[in-house]
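User: Please take one part of this model and go through it closely, in connected prose. Start with charges over rings and follow the contacts outward from there.

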Amino acid sequence: MTTRPAVNWNERRTEPRESVSIRARVLHGQGLAMWADCVIKDISAAGAKIELSHFHKIPPRFVLLHFEAGTAFEVVLKWRRADLAGMAFEHRHDLQAEVPAHLKAAREQWLALKPSLGL
């Protein structure tokens with residue numbers, strides 16, 4: 001019996017990633033009126049991978065609302081395969097503070113849902 005050589009995967013991420021299972025929401029469209037709930041599957045300082053039904057189409061740029069951290073990420077979609085999507089973070093916004101006008105809807109959603117999340 002011959003053994004296969006170990007696969008040599010080239011890791012392209014610049015930051016270590018953490019495997020998680022965190023509820024989140026994808027927001028996009030005018031006034032962030034289009035949204036879908038998702039699960040963050042892994043996260044790093046530079047980006048994340050989410051699980052989101054392939055039936056929900058997402059644009060090349062959108063907002064990822066991380067409920068637990070109270071953070072809104074402006075992201076760029078890097079890849080999409082079935083129910084998984086990978087993204088790079090462009091900007092990070094603390095929702096406990098004032099946010100730019102284009103993210104007011106994200107902050108309002110976080111504030112409205114925060115009590116039901118036990119945060």
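Analyst: R81 lies over the face of W79, at 4.5 Å from the ring centre. A charge counts as sitting over a ring when NZ of Lys or CZ of Arg is within 6 Å of the ring centre and within 35 degrees of the ring normal. The charged end of R25 also sits over a ring, that of W35, 3.7 Å from its centre.

Some ground rules before going on. The model is predicted, so local features need pLDDT of at least 70 and side-chain atom pairs count only at pLDDT 80 or more, while totals for chains, interfaces and linings use all residues. Residues are numbered from 1 along each chain as its sequence is written, and side-chain values use heavy atoms, with hydrogens and water left out.

The chain has one helix and six strands, where helices (H or I, at least four residues) and strands (E, at least two) are DSSP runs numbered from the N terminus. Their order from the N terminus is β-β-β-β-β-β-α.

R25 is the residue to follow. R25 belongs to strand β1, residues 18-28. The arginine is buried because its relative accessibility is 9%, and buried means under 20% relative accessible area, exposed over 50% and partly exposed in between (1.4 Å probe, protein chains only). Across the chain of 119 residues, 37% are buried.

What does R25 touch, leaving out residues up to four places away in sequence? The list is W35, A36, D37, C38, V63, L64, L65, F67, Q109 and L113, with contact meaning heavy atoms within 4.5 Å. With Q109, the side chain of R25 makes a polar contact through that residue's side chain, at 2.8 Å. A polar contact here is a pair of N or O atoms within 3.5 Å; within protein, one must be able to donate a hydrogen and the other to accept it, and residues adjacent in sequence count only if both atoms are side-chain atoms.

Q109 leads to the helix. In α1 (residues 104-113), the buried residues are A106, Q109 and W110. These residues are on the same side of α1, because they cover an arc of only 100° around the axis; the arc is taken from the directions from the helix axis to the C-beta atoms. They pack against β1, β4 (61-66) and β5 (71-81). On the face turned away from the buried side, α1 carries the exposed residues E108 and A112.

L64, one of the residues that R25 touches, also leads into the nonpolar interior. A nonpolar core is a set of buried Ala, Val, Leu, Ile, Met, Phe, Trp, Tyr and Cys residues joined through side-chain atoms within 4.5 Å. The largest such core has 19 residues, of which V26, I40, I50, L64, M87 and F89 touch the most other members. Two or more residues of this core come from each of β1, β2 (34-43), β3 (47-51), β4, β5 and β6. A second, separate core has 11 residues, including L32, L65, A72 and L103.

F89 brings the path to the aromatic rings. Rings of Phe, Tyr and Trp (its six-membered ring) pair if their centres lie within 6.5 Å; planes under 30 degrees apart count as stacked, over 60 as edge-to-face and the rest as tilted. That rule gives one aromatic pair. The pair is F73 and F89, stacked at 3.9 Å centre to centre with 10° between the planes. It links distant parts of the chain, since F73 is in strand β5 and F89 in strand β6 (residues 84-94), 16 residues apart. F73 counts as buried because its relative accessible area is 2%, and F89 because its relative accessibility is 15%.

F62, in strand β4, is in contact with F73. Apart from neighbours within four places in sequence, F62 contacts V26, L27, H28, F73, E74, V75, L77 and M87. Its relative accessible area is 5%, so F62 is buried. From F62 to E74 the C-alpha distance is 6.0 Å, with their positions 12 residues apart in sequence.

Two loop residues complete the survey. Most residues other than glycine have a negative phi. L32, in the loop between β1 and β2, has a positive phi of about 55°, and its relative accessibility of 9% makes it buried. A82, in the loop between β5 and β6, has a positive phi near 55°, but is exposed because its relative accessible area is 56%.
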